[in-house]
Amino acid sequence: MSETPASADVPRRKGEPLPDVLRDAGEQMGREELRAYQLTRIQRTLRTAYDQVELYRKKFDAAGVRPEDCRTLEDLARFPCTTKADLRETYPFGMFAVPMSEVRRIHASSGTTGRPTVVGYTEGDISMWSDMVARSIRAAGGRPGHKVHVAYGYGLFTGGLGAHYGAERAGCTVIPVSGGMTARQVQLIQDFEPEIIMVTPSYMLTLLDEFERQGVDPRGTSLRIGIFGAEPWTEEMRAEIEERLDIHAVDIYGLSEVIGPGVAQECVETKDGLHIWEDQFYPEIVDPFTDELQGEGQEGELLFTSLTKEAMPVVRYRTRDLTRLHPGTARPAFRRMDKVTRRCDDMIILRGVNIFPSQVEEILLRTPGIAPHFQLHLGTRGRMDHMTVRAEARPDTGTDRRETAASAITKAIKDGIGLSVAVEIVDPETLERSVGKIRRIVDEREGRG
């Protein structure tokens, strides 16, 4: 994509003047031009979905709509939504709209039923995704020649590779560290002197603690920009990170079913919400209970329709994320969304990993001596979010069997879900009940209880 030249580099410290805005051709569209482009692309997406994906054809027919019925952007609301259940129903490749010979990469996210949601990418999809992450990095203040320390996980999770390809597309030098090895990460930041770090905000706080444990002043590092995502984080956390590290801390948003990171990005010059890259992803807000469209500034569930995806187009995909839409500021053509801190289902986001109570329940059900009565207690331990699983023992389960069960549950959650948690086995009928039901989630994290 062509870019407008930058006459100044990103500020070394957050108190210095901001750089000139660096925009590609898509970001320079006017609002009306963008809307015309969106309609054309949505019409094409609907036609591809109907012709190439059996599930969409059945859903459209059941709703009494066909691709040609979308004559305006408002007509999109007539079409049925896509859900995670649809992706699981068509596991593994039933949502793909191209032959497997054209698929160049597969990513997947964990699910509640043992079946992950699978996403495919053509060469064109990977290129578009790289463009959007590169655009996000530039919006955060990143520039060609900067070194980017990528501490998101690599693998089926989209975070690491999404950030990696996008940073390369932006002309940056990638340091693909992935997650873990905290002391080594701190050492590499000192040795390699990156300007940018891409990581979860909670892990950034852990890195800050490690800097200080090693006697290193974080404010003296080379880092200038932190691009944080994969979990909710507050303005208070932003303030702490910016103060302790003396950087610009900005938010990035994405989800694998839509593309991965790079669906929306906070701009460094305003930090007033995330601009959605609407030339690739069309957003809607609906009431999560009635499915009615919500107006500007009204909270509801965020939906996305892809505009150019080839391998796996999505139509009105239900993210389950609650947010609001506002007019654009730093990028006037693109609407902004509030930071996502709540969801309309019971999914927990813990240290960047999605976990559902049903996943824990499945593990408890196959653990001898343990009843399927449990609570998930969420809190903070040090700087990291932490979860304790409190499960009731069966009446005949003695102390030795309880310890064995706790170890088995801890291992199963680590192996199956990818999280380290604490497990407490309590006496039968110990957990508080209301009308016979146990409150599954006790969230004692600050601002989220």
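This is a tour of selections to make in the viewer, stop by stop.

The model is predicted, so local features need pLDDT of at least 70, side-chain atom pairs count only at pLDDT 80 or more, and totals for chains, interfaces and linings use all residues. Residues are numbered from 1 along each chain as its sequence is written, and side-chain values use heavy atoms, with hydrogens and water left out.

**Stop 1: a sheet**

Select strands S10, S11, S12 and S15. Helices (H or I, at least four residues) and strands (E, at least two) are DSSP runs, numbered from the N terminus. The four strands make an open sheet in the order S10-S11-S12-S15, with antiparallel pairing. Two strands pair if DSSP finds at least two bridges between them. In general, strands of a sheet pair through backbone hydrogen bonds, either parallel or antiparallel.

Which strands are at the edges? They are S10 (281-286) and S15 (342-343), each of which pairs on one side only. Next, select residues 300-306, strand S11, and residues 317-323, strand S12; they pair in the antiparallel sense over four bridges. Within this pairing, show Phe304, which stands opposite Tyr317 in S12.

**Stop 2: a salt bridge beside the sheet**

Select Arg316 and Glu284. They form a salt bridge (a side-chain nitrogen of Lys or Arg within 4 Å of a carboxyl oxygen of Asp or Glu), and their closest N and O atoms are 2.9 Å apart. Arg316 lies in the loop between S11 and S12 and Glu284 in strand S10, so the pair ties together parts that are 32 residues apart in sequence.

Are these two residues buried or exposed? Both Arg316 and Glu284 are buried. Buried means under 20% relative accessible area, exposed over 50%, and partly exposed in between (1.4 Å probe, protein chains only).

**Stop 3: Leu76**

Now select Leu76, in the loop between helix H2 (54-63) and H3. Leu76 counts as buried because its relative accessibility is 0%. Contact means heavy atoms within 4.5 Å. Not counting residues up to four places away in sequence, Leu76 touches Ile42, Leu46, Cys70, Tyr282, Glu284, Thr305 and Arg316. Both members of the previous salt bridge, Arg316 and Glu284, are therefore on the list of residues that Leu76 touches.

For a long line across the view, draw a distance from the C-alpha atom of Leu76 to that of Gln359. The two residues are 283 residues apart along the chain, and these atoms are separated by 34 Å.

**Stop 4: Glu278**

Select Glu278, in the loop between strand S9 (274-276) and S10. With 0% relative accessibility, Glu278 counts as buried. What does the side chain of Glu278 join in a polar contact of 2.9 Å? The partner is the side chain of Arg31. A polar contact is a pair of N or O atoms within 3.5 Å; within protein, one must be able to donate a hydrogen and the other to accept it, and residues adjacent in sequence count only if both atoms are side-chain atoms.

Add Arg335 to the selection: its backbone nitrogen lies 2.8 Å from a polar atom of the side chain of Glu278. Leaving aside neighbours within four places in sequence, residues in contact with Glu278 include Leu34, Gln38, Pro283 and Leu307.

**Stop 5: Gly273**

Move to Gly273, in the loop between strand S8 (260-266) and S9. Gly273 is buried, with a relative accessible area of 7%. Not counting residues up to four places away in sequence, Gly273 touches Gln265, Glu266, Cys267 and Met337. Measure across to His326 in the viewer: the C-alpha atoms of Gly273 and His326 are separated by 8.8 Å, and the residues are 53 apart along the chain.

**Stop 6: other salt bridges**

The structure holds 38 salt bridges. Select Lys58 and Glu54, whose closest N and O atoms are 3.1 Å apart. These residues are four apart in helix H2, which means that about one helical turn separates them. Lys58 is exposed at 55% relative accessible area, whereas Glu54 is partly exposed at 46%.

Then select Glu68 and Arg66, a salt bridge with its closest N and O atoms 3.1 Å apart. Glu68 is partly exposed, at 40%, and Arg66 is partly exposed, at 37%.

To end, select Asp24, Glu27, Arg135, Arg138, Glu269, Asp279 and Arg331 together. Salt bridges link these residues in a network.
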